[in-house]
Structures are given as structure tokens and as C-alpha cells.
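Let's walk through a fold together, one question at a time. Have the model open beside you as you read.

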Amino acid sequence: MPLFPRSASAAKQAAGTNSSGAARRIRKTGVVAAAAAVVMALSACGGGAAPQSDGPVELRFSWWGGDKRAQLTQEAIKQFEAENPNIKIKPEFGDWSGYWDKLATQVAANDAPDIIQMDEKYITEYSSRGALLDLSKHEIDTSKLDEAALNAGKSDDGLTGIAAGINAATILANPKVFEAAGVPLPDDSTWTWQDFERIAAEITAKSPKGTYGAAAYGTDEASLGVWLRQNGKSLYTSDGKLGFEPSDIAEWWAFLKQLSEKQAVPCASEVIEAEAAPLDQSGLATGKNGMAFWWSNQAPALEKASGGDLKILRFPTKTGKAADAGLWYKASQFWSASSRTKHPEETAKFIHFLTNNVKAGEALLADRGVYPNSEVRAAIESKLTPADVKVVKFIDQIKDELGEAPAPPPKGAGSIQEIIKRYTSEVLFERLSTEEAGKKAHDEMKSAISS
């Protein structure tokens with residue numbers, strides 16, 4: 001996840017190629033503070049749906065992503081409309097950076113799209129304000145969905161999101177970089193963080209200047225979440241509070257500094273520069289990094305960009321046991337609906353189609369991650385690219401090693417990533433000690449989710 005994901009503007013990411021969710025590296029899953037601020041200003045907006053019309057119905061459907069995602073999604077729309085000629089779907093899409101500002105403004109103006117592609121960062125924010133429809137009250141079959149992915153869309157406000165895809169945090173390795181350095185690939189079922197450090201430093205030492213064993217982590221909450229889970233803590237608690245202490249995040253930064261000092265990862269200025277690079281110019285894609293932290297669904301786009309085969313690895317652990325990695329199935333995105341849609345039944349019918357219809361699966365394939373419906377996943381496997389099949393097999397491979405799904409981000413969590421990213425920079429440039437950064441960051445995060 002960088003540990004480690006990113007997901008920024010789709011113009012610079014793989015959202016339009018083959019990624020789900022924030023379609024850039026986990027670590028750059030940018031925050032949209034303005035969107036969160038507008039949503040927090042909303043009053044509850046449930047109920048009030050107008051009577052349905054007997055004539056043709058038009059539903060607005062919004063999502064973020066690039067050109068490839070738009071092409072696949074509009075093919076799914078075409079298939080739905082062929083089966084439901086009295087329901088027309090009007091697409092509204094754009095890149096990640098502007099999506100949340102626009103959505104918050106629409107919701108505040110009571111002009112929200114009927115169907116909304118939602119992210120886990122903001123689903124609690126919107127659902128707790130009454131902006132999302134409780135889908136459990138409508139006819140949508142969820143019996144074939146992975147339980148953890150299904151539960152990710154549930155809260156005290158009901159089922160306000162149905163997973164559009166599932167993925168997992170991974171380390172992707174570029175075998176060409178390993179081979180050029182004469183370093184064997186690790187056994188990812190037994191390796192530890194000490195192994196990771198040693199291997200990454202060895203690759204750097206045996207590679208041309210400017211090539212490093214691994215990309216750095218430290219610019220998003222997902223990477224921190226994995227570290228905390230492996231240490232018996234959590235990013236958030238079930239009651240919406242922080243699940244760790246300042247010393248926990250200080251240790252996370254201390255290990256990052258250790259990696260940097262041993263040149264296992266790039267120096268501070270190079271880390272910051274890499275953050276601005278689009279997916280196809282990332283260190284892993286260009287052969288400048290032997291390993292990097294990404295979501296599993298981003299592997300196909302990265303493999304295409306690198307021009308060669310990439311290896312999907314489990315995370316290292318403290319114990320050397322894969323079951324202690326603390327990984328989980330993450331809902332890459334959700335299908336949600338406005339609580340003020342004038343056509344709740346037709347909206348639910350479309351979400352049911354996206355979730356359960358093989359024709360929808362054949363159109364969308366693995367763009368938003370591994371299909372969460374097991375029957376659809378099996379039906380479309382023959383149509384997937386070899387890279388997508390590799391991801392599906394990895395997702396299936398780790399299913400018996402998964403930990404409990406983490407608590408969902410609470411209200412105000414949209415600002416957490418920027419806090420983490422900012423203090424990671426302070427630590428790497430040695431403007432703050434890890435202890436100072438841990439305390440300041442913890443205080444800011446606590447304030448963000450309690451205000």
C-alpha cells in the first residue's frame with residue numbers, strides 16, 4: 001500500500017487503464033478537504049423520494065476514473081439499458097481530484113446523482129449525514145458477495161455501499177531489477193521486515209546509481225494501518241477513535257528512516273519527487289525500484305507500463321508467518337445511491353445489475369478490482385487478461401491468511417492522509433524527530449476525527 005497506496009488525479013493515474021479505487025499507488029490516495037467540509041455542513045437528507053413515474057426514467061450515475069474506465073462502464077450501461085428499455089442511465093465522470101468537490105456541492109444543493117461511486121474514505125461522512133440510501137431496504141441480492149467486503153458498506157445507517165470490487169495490499173516486485181542485481185526474489189510466505197530491509201539494501205548496492213531496492217512508504221493511512229495491525233493496534237476503533245498511540249507511529253517512521261539511511265529506499269527529495277509521478281513513470285514501472293507497495297488491482301496497469309512480468313508478493317511480517325501480515329480484503333470502491341433519488345427502485349435495480357449480472361461483469365472485468373460476486377468472477381475469468389488472472393489467484397491464495405477487516409474511517413478521516421504525508425516529509429528531511437512527529441501527527445489526527 002506505499003505500504004502504501006496512491007490515488008490521485010486520474011489524468012496521472014491508472015484509473016483509466018486497470019486500477020480500481022484510487023487508481024494510483026496506495027500512498028497517494030489524496031484527500032479532498034473541501035469536499036469533506038461541505039459534506040460536514042450538510043443537514044440530514046434522508047427520505048422525501050417523489051412518487052415514481054410510469055414513463056421512462058432517467059438516472060444519473062457518477063464515477064471517477066480515466067478513459068478506459070469510462071469506456072468499460074458505458075458498455076455496462078449499454079447492457080443494462082438493453083434489458084431495461086424504460087430506464088436510461090446518464091453518465092457523469094471525471095478524475096479523482098475534482099470528483100469529491102463536485103459531489104459535495106451537488107449533495108449540498110440537493111442535486112446528487114442517483115448512483116454514486118463511493119470511496120471508503122468518505123462513505124461514513126456521507127452516510128452519517130443521511131446523504132446515502134439504505135440499500136438493504138431494496139431488492140439487491142448480496143448473497144454471493146465476500147462477507148468482509150459486504151460488511152465494509154454497512155454501518156448504523158444501514159447498507160449504504162455495495163462493493164464494486166475487492167483488492168488487497170501487496171508488494172509488487174520487478175524481477176528484472178532483481179536479476180540485474182543478482183538478488184533472488186524472496187519467499188513471501190516466510191519473509192520478515194528485516195529480510196525486506198536486507199534485500200532492498202542489497203539490490204541498491206548492486207544496481208546502477210539511481211536504482212533502489214524498494215520505493216519508500218509513508219504517505220497514506222493504509223500503509224500505517226498495516227504496520228499498526230502487525231503490532232496489535234489499529235488505525236481506527238469501531239467507535240470512531242484512533243486505535244494507536246504517538247509512539248506507534250513514531251516507530252513506523254523510525255523504520256522508514258532506517259531504510260533510508262541504509263539506502264534501501266530513495267532519499268527524502270527523491271521520495272517527494274516520486275510522489276508527483278504518474279503510474280507509468282513510477283520507479284517500479286521504469287525499473288528504478290525493485291519493489292514497491294501497491295494495491296493488488298493496480299498490478300495489471302503497472303505490468304503493462306513496465307513492459308514485463310511483475311511478481312505479486314505478500315507483505316513481510318514481524319514473525320515470518322504469512323498469517324501475521326494483517327491483510328484484509330478491501331472494497332476498492334462502493335456502489336452507493338443518493339437518499340434523495342426520486343427513483344429508488346430503479347436505482348436499486350441498476351446497482352443489482354452491476355453487482356450480480358454476468359453481462360455487467362463481462363463489461364467491467366477487473367477495472368475496479370476483483371469482482372466481489374463469486375459467480376460472476378468465475379464466469380468472466382476466461383475473458384480476463386493474464387495479469388488480471390494473476391491478481392484473482394493472489395486474492396484467492398491469501399483468503400485463509402486474512403485478518404479481521406479494519407474499522408471504517410470515521411467522519412473527518414478524509415484529512416488523515418495529508419497529515420501523514422506532511423509529517424513523513426518532516427521526518428525524512430529531519431525537520432522533526434520521529435517522536436516529535438508522532439505526537440504532533442497524533443494530535444492533529446485526533447482533532448480531525450473529533451471535530
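The questions below go from the sheet to the helices that pack in this model.

This is a predicted model, in which local features need pLDDT of at least 70 and side-chain atom pairs count only at pLDDT 80 or more, while totals for chains, interfaces and linings use all residues. Residues are numbered from 1 along each chain as its sequence is written, and side-chain values use heavy atoms, with hydrogens and water left out.

Q: In what order do the five strands of the open sheet lie?
A: Helices (H or I, at least four residues) and strands (E, at least two) are DSSP runs, numbered from the N terminus. Two strands pair if DSSP finds at least two bridges between them, and the pairing in this open sheet is mixed. Strand 2 (87-94) and strand 6 are the edge strands, each pairing on one side only. The order is 2-1-3-11-6.

Q: Is strand 6 buried or exposed?
A: Buried means under 20% relative accessible area, exposed over 50%, and partly exposed in between (1.4 Å probe, protein chains only). Six of the six residues of strand 6 (residues 162-167) meet the first description, so the strand is largely enclosed by the rest of the structure: buried.

Q: Which residue of strand 11 stands opposite N167?
A: Strand 6 and strand 11 (residues 330-337) run antiparallel, joined by five bridges. In strand 11, the residue opposite N167 is K330.

Q: How is helix 2 oriented to helix 12: oblique or roughly parallel?
A: Axes are lines fitted to C-alpha atoms, for helices over the stretch in contact, and angles run from 0 to 180 degrees between N-to-C directions. Helix 2 (residues 67-83) and helix 12 (residues 344-356) pack at about 120°, their axes 11 Å apart. Angles under 35 degrees count as roughly parallel, over 145 as roughly antiparallel, 65 to 115 as roughly perpendicular and the rest as oblique. Helix 2 is therefore, relative to helix 12, oblique.

Q: Which residues of helix 12 meet helix 2?
A: Contact means heavy atoms within 4.5 Å. From helix 2, the contact involves A76, I77, Q79, F80 and E83. Their partners in helix 12 are K349, F350, F353 and L354.

Q: Which residues of helix 9 meet helix 7?
A: The axes of helix 7 (residues 193-205) and helix 9 (residues 246-261) come within 10 Å and cross at roughly 25°, and these helices are therefore roughly parallel to each other. On the helix 7 side, W193, F196 and E197 take part. In helix 9 they meet F255, Q258 and L259.
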